[in-house]
Number of protein chains: 2
Amino acid sequence: MLRRIGLRRVSVTAVARSSFRDCIRTLPTSHSIPYLRSTYSRLGKPVSGLNASKLSISLTSTRKPLPKLEDLTFGTTFTDHMLVARWDEGAGWSDPKIIAFEPLEISPAALVFHVGLECFEGMKAYRTSSGKILLFRPDQNMARLRKSVDRLAMPAFDDTQLLECIKKLVKVDERWVPERKGYSLYLRPTLIATTPSLSVDPPSSALLFCILSPVGPYYPTGFSAVRVRATFEYTRAFPGGTGENKVGINYAPGMMPQVRAEGEGFQQCLWVWGEERVVTEVGASNFFIFWTNESGEKELVTPSLDDGLILPGVTRASVLHLAQSWNEFKVTERRVCMPELVKAVEEGRVMECFSTGTAAVITPIKAIGYESRELAIPLDPSDPTQGAGPLARRLFDEVVGIQYGEVGGPEGWVVEV
Amino acid sequence: MLRRIGLRRVSVTAVARSSFRDCIRTLPTSHSIPYLRSTYSRLGKPVSGLNASKLSISLTSTRKPLPKLEDLTFGTTFTDHMLVARWDEGAGWSDPKIIAFEPLEISPAALVFHVGLECFEGMKAYRTSSGKILLFRPDQNMARLRKSVDRLAMPAFDDTQLLECIKKLVKVDERWVPERKGYSLYLRPTLIATTPSLSVDPPSSALLFCILSPVGPYYPTGFSAVRVRATFEYTRAFPGGTGENKVGINYAPGMMPQVRAEGEGFQQCLWVWGEERVVTEVGASNFFIFWTNESGEKELVTPSLDDGLILPGVTRASVLHLAQSWNEFKVTERRVCMPELVKAVEEGRVMECFSTGTAAVITPIKAIGYESRELAIPLDPSDPTQGAGPLARRLFDEVVGIQYGEVGGPEGWVVEV
């Protein structure tokens, strides 16, 4: 790997060897060198950017039958087509193509199989009662993907161009956008490093693709509150890492802890970080507490983005925005630690806990396993047969109403395909 | 994803809802549930284990010409064949096969592209002057792969069976094992999750493969000492994470920091962890300091495995064993922090620094960039034209001598193919 580095280094300053005693000197360069990828290759040649106007479409000759909506299992049924574009260090981005959904042919030496260089987004297309197809805040997903790409030193692209390509893909497969409310088409834009090299180096080639999967409501028979296990023996994310980016490497560390939590009858891990037992995420979703805080105020609180430990979720941001706009209780982003949460549960101040994410929108939490105890979290005190508390239900209805175009949301939140 | 979990949960205890005040109870189960994968599937059916005696071999009809050894670039040339075996949750392991080296056909929805479920090993086959082919401590690589697999909740296998399959692959492609000393055949056993599902769940199918790549000596014209950048702004590994496992997800977080370090003229990052600035690894290699410690003793020191932050390298373990067997200086595994290293450099007590790994064996370090300074690390004081210090050179010669069967090593270190 060292021999390859010589080819791509921007500049190597020869350092005069100092004497044995006079061995500490001041570094001449700053610690911030831009990484040129978007318009110029690292070899100095101009390269092509991703260009939606050059998109070509090759329709499949064998369209699949649409699935029965009731039979859908999340993320396992795929539509007829996919979007692909290749990047090469020397040439830049290829013209994007819509082609039949098919297996990828990739060298077993491809970087993505060996060093985890992959990032993605999760978003949905919704069909309104009048038949229009809407995306929910897709600019947020595109901006986040761009940040993930930068964090992994993967190839940059113009995210508005990618969104145009994705819209065209949804148009091509629009018969797959379910007509029933609660159902939707899940979109998975993904970027993987394809360089066939076993060196631990940034990629010199990559593949961008987007696949589509029709999905049902997470809780077809109404909310189904989950039990979560506060997990501190294993770590999901950490300062200086990639917790705030949507990258594949955030998820693999949680698989074994999740299996262990499932073995104890919990559905998800509640990720707790460090000696202070900072509460971060639930599974792959953002975490919210609705409580009466120690000052006696009603407050909706969620971990802040400051530590870089959690994903800046689009549903998270939307829930915060809506709750703030109601102006009925305090809405706070800050650090919450397990001892504070335990105390609030013990004192009966916790009214609801839930998680937010694209797939389920809102997942109510009914219990938190912590050390050798279990904390019971209220759902709806006025109707214990309900699977969610009143705030979770209200937020769900509001967000979903906006997503399906039934309720007016803030400017720009829904975008027609 | 929640709906899928129901299928695979071992048992879900219904928890009686407690009242609002009486909301904390004792959990009935321990926090350690074994994850059944090797002999029984999670559905309770017996499944097949990986079985080397069932290996089939399909030779390619188009053998590639052997490369010129001088032209080899690490990890970019591959042999004629590869080993493959598939795992399915219901059936277990397929019969392993040796087939032509070819692209993999994998669904774009495969888990490996989305949640980073992949692990691997790096090992080498060496040709002795008498033409025999040797592996160096392959049992260590197999045991480490088994641990990586467990950490990611991927399918288990009998590692002695895998080693038998790998030996047969090397036999099939033995013309690719270079005849010149310093050259070798690099082996890359890899396991990836192939389940075509966008759920964040452990895999229900996986692909094990091994590819082979002839490689040259890292420093064809003698040692080439590197400058490393002490990197604390970004984190590579952390307690409760996967630093001690050889998993792809350990490498992606380091790409962007490495590019930045290269932009400043450094070849690698020296990964420094946490507020105490604990020194951990160099790039993807283990780190060693040879110094006179504060008690005035000569000491070879390397970060201990206790924090789970660093890879238990096979070359690392071998270097520790050999240095201890000489009984000439103290050999220590313990925590070292940057302030301690800086002080030792300032006081002229550091004699050498180097890193160890399978690819380069020993990489001497001549400078460490830290904050705004640069610490000069001695190489060979008696001959400044040499690219390595005397200890680095001696350890290199000893390890390589054992690997090529020229020097007798401890029992079991070399294994004939």
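1. Glu244(A) sits in the loop that runs between β12 (226-231) and α4 of chain A. In this predicted model, Glu244(A) is partly exposed, with a relative accessibility of 38%. Its C-alpha atom is 4.9 Å from that of Ile310(A), although the two residues are 66 residues apart along the chain.

2. The helix at the far end of that loop is α4 of chain A, which covers residues 255-263. Helix α4(A) is mostly covered, with 9 of its 9 residues buried. Charged residues are on the list too: Arg260(A) and Glu262(A) are among the buried residues of α4(A), together with others including Met255(A), Pro257(A) and Val259(A). After the helix comes Gly265(A), which has a positive phi, near 90°.

3. Salt bridges deserve some attention here. The count over all chains comes to 40. One of them joins the side chains of Arg335(A) and Glu276(A), with an N to O distance of 3.0 Å. Arg335(A) belongs to the loop between β17 (330-333) and α6 (338-346), while Glu276(A) belongs to the loop between β13 (268-273) and β14 (278-282), so this pair ties together parts of chain A that are 59 residues apart in sequence. Arg335(A) is partly exposed, at a relative accessible area of 32%.

4. What does the salt bridge between Arg316(A) and Glu333(A) tie together? Arg316(A) is in helix α5 (residues 314-326) and Glu333(A) is in strand β17, both of chain A, so the pair links parts that are 17 residues apart in sequence. The closest N and O atoms of this pair are 2.7 Å apart. Is Arg316(A) buried or exposed? Arg316(A) counts as buried because its relative accessibility is 3%, and the cut-off for buried is under 20%. Its partner Glu333(A) has a relative accessibility of 42% and so counts as partly exposed.

5. Arg334(A) forms a salt bridge with Glu340(A). Here the closest N and O atoms are 2.6 Å apart. Arg334(A) is partly exposed at 27% relative accessibility, and Glu340(A) is partly exposed as well, with a relative accessible area of 22%.

6. Salt bridges can also be joined into a network. Which residues of chain A are linked in this way? The network consists of Glu294(A), Lys343(A), Glu347(A) and Arg349(A).

7. Turning to chain B, Glu374(B) has its place in strand β20 (residues 373-376). Glu374(B) is buried, with a relative accessible area of 3%. The side chain of Glu374(B) makes a polar contact with the side chain of Arg227(B), at a distance of 2.3 Å.

8. Another glutamate of chain B, Glu105(B), is found in strand β6 (residues 104-106). Glu105(B) counts as exposed because its relative accessibility is 53%, and the cut-off for exposed is over 50%. Which residues gather with Glu105(B) in a patch of negative charge on the surface? They are Glu102(B) from chain B, and Glu102(A) and Glu105(A) from chain A.

Technical notes: Residues numbered from 1 in each chain as written. Chains lettered and ligands numbered in written order. Predicted model: local features only at pLDDT ≥ 70, side-chain atom pairs only at ≥ 80, totals over all residues. Heavy atoms only, no water. Helix = DSSP H or I, 4+ residues; strand = E, 2+ residues; numbered from the N terminus. Buried < 20%, exposed > 50% of the residue type's maximum accessible area, 1.4 Å probe, protein only. Polar contact = N/O pair within 3.5 Å; in protein donor to acceptor, adjacent residues only side chain to side chain. Patch = residues over 30% accessible without salt bridge, like charges linked within 9 Å, V, L, I, M, F, W, Y side chains within 5 Å. Areas by Shrake-Rupley, 256 points an atom, 1.4 Å probe, with all protein chains shown as cover. Salt bridge = Lys/Arg side-chain N within 4 Å of Asp/Glu carboxyl O. Lys, Arg positive; Asp, Glu negative; His and termini not counted. Charge placed at Lys NZ, Arg CZ, Asp CG, Glu CD.
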